[in-house]
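Subject: Handing over the structure we spoke about

Dear colleague,

I am passing on the structure that you will be working with, and I would ask you to keep it open beside this message while you read. The sequence and the model come directly below.

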Amino acid sequence: MSQRQPRLTRGDFRVFRTITTRWHDNDVFGHVNNVVYYSWFDTAVTAWLVENGFLEPATSEIVGLVVETGCTYFESVAFPEVVEAAIAVERLGTSSVTYRIGIFRQGGEQAAAQGRFTHVYVQRAEQKPVPIPDALREAMAAIQS
């Protein structure tokens with residue numbers, strides 16, 4: 001068994017997005033279900049790409065496909081809390097990028113959950129890996145930690 005990751009703080013991230021939990025995010029145990037965190041990871045990364053002009057989900061010729069994701073949980077979060085999803089680039093390769101993701105209680109200093117999210121960039125039509133476009137690579141390098 002691998003050693004548990006050290007708990008990250010706000011200083012380990014570069015971009016933050018507020019997300020409001022929803023009633024149906026909670027499960028029978030009274031906290032946000034684990035699969036919802038993966039949705040927040042996807043939302044944080046995709047929103048950053050769209051808002052910065054690097055992705056048009058329906059028409060971009062080059063897109064990032066998720067090839068790996070994982071999460072470590074430290075605290076339960078529950079509706080009606082507001083959380084902050086944070087991202088930073090952990091590893092920047094030729095055709096892939098691994099984001100570090102943190103989920104924070106609003107204003108919290110330590111991550112309630114944290115994980116990784118890896119995209120491999122492909123030509124949409126052929127689904128073959130391609131180098132990350134230069135402008136996107138520069139933006140990713142700017143949020144690398």
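What follows is an account of what was found, going from the whole chain to single residues.

Please keep in mind from the start that this is a predicted model, and that the values below are therefore computed from predicted positions.

The chain as a whole

The secondary structure of the protein chain consists of 2 helices and 6 strands, and if you follow the sequence from beginning to end you will meet them in the pattern β-α-β-β-β-β-β-α. With a radius of gyration of 16 Å, which is close to the 15 Å that the globule rule gives for 145 residues, the protein chain is as compact as a globular protein of that length. Along the principal axes, its C-alpha atoms fill a box of roughly 45 × 30 × 30 Å. Of the 145 residues, 41% count as buried, and the surface that the protein chain exposes comes to about 7800 Å², with carbon and sulfur atoms supplying 53% of it. If you look at the contacts in the protein chain with a separation of 6 or more, you will find that residues 24 or more positions apart account for 72% of them.

The largest pocket

The largest pocket has a volume of about 200 Å³, and its lining includes Gln5, Pro6, Leu8, Glu68, Arg100 and Arg116. Which elements give two or more residues to this lining? They are strand S2, which covers residues 62–73, and strand S5, which covers residues 113–123, and the largest share, 4 residues, comes from S2. Sorted by class, the lining has 3 nonpolar, 5 polar and 4 charged residues.

Two places where the backbone deserves a look

Most residues other than glycine have a negative phi, and most peptide bonds are trans. With that in mind, please look at Phe79 and Pro80, which are joined by a cis peptide bond with an omega of about 15°; Pro80 lies in the loop between S2 and strand S3, the latter covering residues 82–92. The other place is Gln127, which is not a glycine and yet has a positive phi of about 60°. Gln127 sits in the loop between S5 and strand S6, where S6 covers residues 128–129, and with a relative accessible area of 43% Gln127 is partly exposed.

Residues to find in strand S5

Two residues of S5 can be read side by side, beginning with Thr118, which has its place in this strand. Is Thr118 buried or exposed? Its relative accessibility is 7%, and because a residue under 20% is called buried, Thr118 counts as buried. Apart from residues up to four places away in sequence, Thr118 touches Leu65, Val66, Val67, Glu68, Val97 and Thr98. Thr118 and Pro57, which are 61 residues apart in sequence, are 17 Å apart in space when taken from C-alpha to C-alpha.

Gln123 also lies in strand S5, but Gln123 is partly exposed, with a relative accessible area of 25%. Gln123 and Ile62 are 61 residues apart in sequence, while their C-alpha atoms are 4.6 Å apart in space. Ile62 is also among the residues that Gln123 touches, together with Glu61, Lys128 and Val130, if residues up to four places away in sequence are not counted.

Residues to find in the loops

Glu109 is found in the loop between strand S4, which covers residues 96–105, and S5, and at 46% relative accessibility Glu109 counts as partly exposed. Once its neighbours within four places in sequence are left aside, Glu109 is in contact with Leu8, Thr9, Arg10 and Phe104. Glu109 and Ser60 are 49 residues apart in sequence and 36 Å apart in space, from C-alpha to C-alpha.

Asn52, finally, is found in the loop between helix H1, which covers residues 34–51, and S2. Asn52 is partly exposed, with a relative accessible area of 42%, and although Asn52 and Ala139 are 87 residues apart in sequence, their C-alpha atoms are 8.7 Å apart in space.

With kind regards

Key:
Residues numbered from 1 in each chain as written. Predicted model: local features only at pLDDT ≥ 70, side-chain atom pairs only at ≥ 80, totals over all residues. Heavy atoms only, no water. 1 Å grid on protein atoms, 1.4 Å probe; cavity = no way out; pocket = protein on both sides within 12 Å on 5 of 7 lines; lining within 4 Å. Points joined across faces, edges and corners; volume = space filled by probe spheres on them. Nonpolar A, V, L, I, M, F, W, Y, C, P; charged D, E, K, R; others polar. Rg over C-alpha atoms; globule rule 2.2 N^0.38 Å. Buried < 20%, exposed > 50% of the residue type's maximum accessible area, 1.4 Å probe, protein only. Contact = heavy atoms within 4.5 Å. Areas by Shrake-Rupley, 256 points an atom, 1.4 Å probe, with all protein chains shown as cover.
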